[in-house]
Amino acid sequence: MPARAGDAAALPPPAAAAAESSTGSAAAGASAAAPEDGDAAGAPGSGAPVAVVVQGAPPPRSASEAVRERAEVRAAPHRTASDVLQLVPGVFAAQHSGEGKAHQIFFRGFDAVHGQDLEIWIAGAPVNEVSNVHGQGYADLHFVMPEVIRELRAQPGSYDPRQGDFAVAGTVRLELGYDEPGITATASAGSFGARRLFLAYHPEHAEETTFAAFEAYETDGFGPARAATRTSAIAQGVYEPLAGIRARVMVSAFASRFGSAGVLRLDDLEAGKVDRFASYDPDQGGDSSRAQLVVDLRGSGGDAARGEGLSLAPFVVMRALRLRSNFTGYLADPTSGDATQQLNEAITAGATASYRLRFPLLSDRDTFEAGVVARTDWIEQSQRRLAAVDGRPTATLVDAKVRATDLAGYLDASIRPVRRVTVRGGLRADGLAYQVVDNAGEGAQARSAQGVHVGGKGTVDVALLPGLHALASVGQGFRSPQARSLGEGERTPFTRALSAEAGLRYADELVRASAALFHTRLSEDLVFDEATGRNEPVPATARTGVALDAVARPAPWLVSSVGLTYTRAAFTAAGGRYAAGDLLPFVPQVVARADLAVTPRLGALFGRRLEARAGAGVTLLHGRPLPYGELGRDALLTDVTAHVRYHRVELGLDVYNLLDAAWFDGEFVYPSSFTRGAAPDLLPARHVTVGAPRSFLVSLSLYLG
């Protein structure tokens, strides 16, 4: 998405960065590439250059907007970037189909599945995939290593005109960077045959946004059909090709292959018929790849001292996914089985552009911004049923080519009508067009559809006391449809969302905190259907809840963050097996997360510094409704980390699920039959995917600066 002036990702000049900050956000700060103790480079009086980057925080669009910086990200261990998302209050990410498939994301009463309700941008490129055969908005974050996440910014709801498709529950933006100067080499090994190699390079005196990183990871898995391997590379550079113009170029590539154990019937598990980590179908799993390029150009284009600026950021993304799964065994086909194989290949090309200027309408601090977003996707997809014995295709369920185009324009303003009151907001219009060639029936069928969504968004920010703000927000968002569901000439239907929120924010040099009440209504929704292996339409829904968030840094060596949300998500209309008032299935009502880290300096040994880092992250899930009035099990997960560094060598230990909780990362209720040739039992039964047990990872790092 186009970043605002003052956004760290936007790389603004310092004057623009400070032009529109808010005491409700983190205060502007400065970072410098600091030399290591005992090194001469950068020492006072040495004359060596030191890179200093001044960053300003963009003003919040809601009371519950949350930011997590590098210190909070590093507090607890994380295997993937999806794990890092759990630092956002109300987010839980589950990996129920193997270490390679996109995580299932829950956020403030939404089962966003693999991204259908959560807009995600990384380093200026969209991650959500349009009309993916496995699920609308599919967002695979495995290509990002946790070490290179510089900042995570979450915008719940849809209160910012820069938010577009899939921003129903909200938007998350990840910015990348690596701050360890020189070469970093980390080798890790741990439970269940886990092996990992991480390499990174960051030029000494350069901004942390300039870096290159590589990851290779393998695991045998904690049970059958859970092996996985992935490799990823990311390089990003910031430079000034011309006077007054700053450019950021990011390129990445990623590939993975993974197994999936699939589901187990809970009655089989409790009766001892299957082992906890068993699999009915060990052939499940798949492979995934991604390659992308982003070029972000920024210039003053006006008076930089007044916060004016022009941006242009083209991007191109190439994606491929193959997935084999079986949720029902032999229910639909007692002889050949119900396994399906989904293939999805896509090329996405587009750009974001914006211009921001200072215009004294009611005050000398009023600003306006106009922007455009263009995106087009070429997609080839199929879904076929496979025979259980030899894996040959027995039926073609989907075989289509899709061209999807989204052209959007927005206008945003920040106006101060009276002292202590700021009104932010604007209007966004999205025009979506689809061309589909469907080969699944008799002969190719070509059809097209097009429509426009217009949404207003606004926030009132009142400064009550120094550091304390009251905010009220309202906004209209949308989710685009699966292209294959559209008829010839049909006006593109959208899932329309109306969100509202009110609350308080407080920030000073030591603490950032917020409390908010929120409500969101959807015109229709999507819920997982085991027969198709993807989400299918259901009636209208609504979410009402409360969100609490706090980040504290009482000392340079101590950081903590806490997030808690309670949400009641229910149907507001009847349809199918759901009645008005029924709770939305699979969505936990309570999600809590707490992180704590201490990073003391232990002194010096032979003139070289000795440091330690220890931290923990605790996640609680409570009250997961299931279909047919059932309730899922709660989960309490604890991850810890401990590292000791002496000069250029560091030894670390990461432990996941420290208490070895026996938990389920996925719970479903539907009929199934996993015995070939047996008469199917049509009574709904609970099915589970087993969460990972306790595991550890030992690492050795070398820093060659």
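In this predicted model, Arg108 lies over the face of Phe518, at 3.9 Å from the ring centre. A second arrangement of this kind involves Arg79 and Tyr656: the charged end of Arg79 sits over the tyrosine ring, 3.8 Å from its centre.

Aromatic rings also meet one another. A pair of such rings is described by the distance of the centres and the angle of the planes. With centres within 6.5 Å taken as the limit for a pair, the count comes to eleven aromatic pairs. One of them joins Trp121 and Phe315, whose rings are edge-to-face, with 6.0 Å from centre to centre and 90° between the planes. Trp121 belongs to strand β7 (residues 118-122) and Phe315 to strand β18 (residues 309-325), so this pair ties together parts of the chain that are 194 residues apart in sequence. Both partners can be placed with respect to solvent as well. Trp121 is buried, with a relative accessible area of 7%, and Phe315 counts as buried at 4% relative accessibility.

Another edge-to-face pair is formed by Phe327 and Phe668, at 6.5 Å centre to centre and with 75° between the planes. Here too, distant parts of the chain are linked: Phe327 is found in the loop between β18 and β19 (340-358), Phe668 in strand β36 (residues 664-672), and the two are 341 residues apart. Phe327 and Phe668 are both buried.

Ring pairs further link Phe192, Phe222 and Phe277 into a cluster. Phe192 deserves a second look on the screen. This phenylalanine is placed in the loop between β11 (182-190) and β12 (194-202), and its phi is near 55°, a positive value in a residue other than glycine. Its relative accessible area is 35%, so Phe192 is partly exposed. Asp660 offers a useful companion case. The phi of Asp660 is likewise positive, near 55°, in a residue other than glycine. Asp660 lies in the loop between β35 (649-656) and β36 and, at 35% relative accessibility, counts as partly exposed.

Turning to empty space inside the model, rolling a probe the size of a water molecule over the atoms shows where such space is left. The structure holds 19 cavities of 30 Å³ or more, and the largest has a volume of about 160 Å³. The lining of this largest cavity is made up of 15 residues, of which Glu119, Trp121, Asp165, Arg375 and Asp406 lie nearest its centre. Two or more lining residues come from each of β7 and β20 (367-386). Strand β7 gives the most, with three residues. Sorted by class, the lining of the largest cavity has eight nonpolar, two polar and five charged residues. Trp121 thus appears in two settings, as a ring partner of Phe315 and among the residues nearest the centre of the largest cavity.

Two further positions are easy to follow through their neighbours. Asn128 lies in the loop between β8 (125-126) and β9 (149-156). Despite this loop position, Asn128 is buried, with a relative accessible area of 3%. Leaving aside residues up to four places away in sequence, Asn128 touches Gly115, Leu118, Glu119, Ile120, Gly137, Tyr138, Ala139, Phe166 and Arg375. Among these neighbours, Glu119 and Arg375 are also named among the residues nearest the centre of the largest cavity. Ala139 is eleven residues from Asn128 in sequence, and the C-alpha atoms of the two are 4.6 Å apart in space.

Ala353, for its part, is placed in strand β19. Not counting residues up to four places away in sequence, Ala353 touches Ser311, Leu312, Ala370, Gly371 and Val372. Ala353 and Arg298 are 55 residues apart in sequence, with 9.7 Å from C-alpha to C-alpha.

Finally, the chain as a whole gives the setting for these details. The protein chain has four helices and 38 strands. Of its 705 residues, 57% are buried. Among contacts in the chain with a separation of 6 or more, 66% are between residues 24 or more positions apart. The pairs Trp121–Phe315, 194 residues apart, and Phe327–Phe668, 341 residues apart, illustrate links between distant parts of the chain.

Definitions and conventions: Residues are numbered from 1 along each chain as its sequence is written. This is a predicted model: local features need pLDDT of at least 70, side-chain atom pairs count only at pLDDT 80 or more; totals for chains, interfaces and linings use all residues. Side-chain values use heavy atoms; hydrogens and water are left out. Rings of Phe, Tyr and Trp (its six-membered ring) pair if their centres lie within 6.5 Å; planes under 30 degrees apart count as stacked, over 60 as edge-to-face and the rest as tilted. Buried means under 20% relative accessible area, exposed over 50%, partly exposed in between (1.4 Å probe, protein chains only). A charge sits over a ring if NZ of Lys or CZ of Arg is within 6 Å of the ring centre and within 35 degrees of the ring normal. On a 1 Å grid over the protein atoms alone, a cavity is a set of points where a 1.4 Å probe fits but cannot get out, and a pocket is an open set with protein on both sides within 12 Å along at least five of seven lines; lining residues have an atom within 4 Å of a point. Grid points are joined across faces, edges and corners, and a volume is the space filled by probe spheres set on the points. Ala, Val, Leu, Ile, Met, Phe, Trp, Tyr, Cys and Pro count as nonpolar, Asp, Glu, Lys and Arg as charged, and the others, Gly among them, as polar. Contact means heavy atoms within 4.5 Å.
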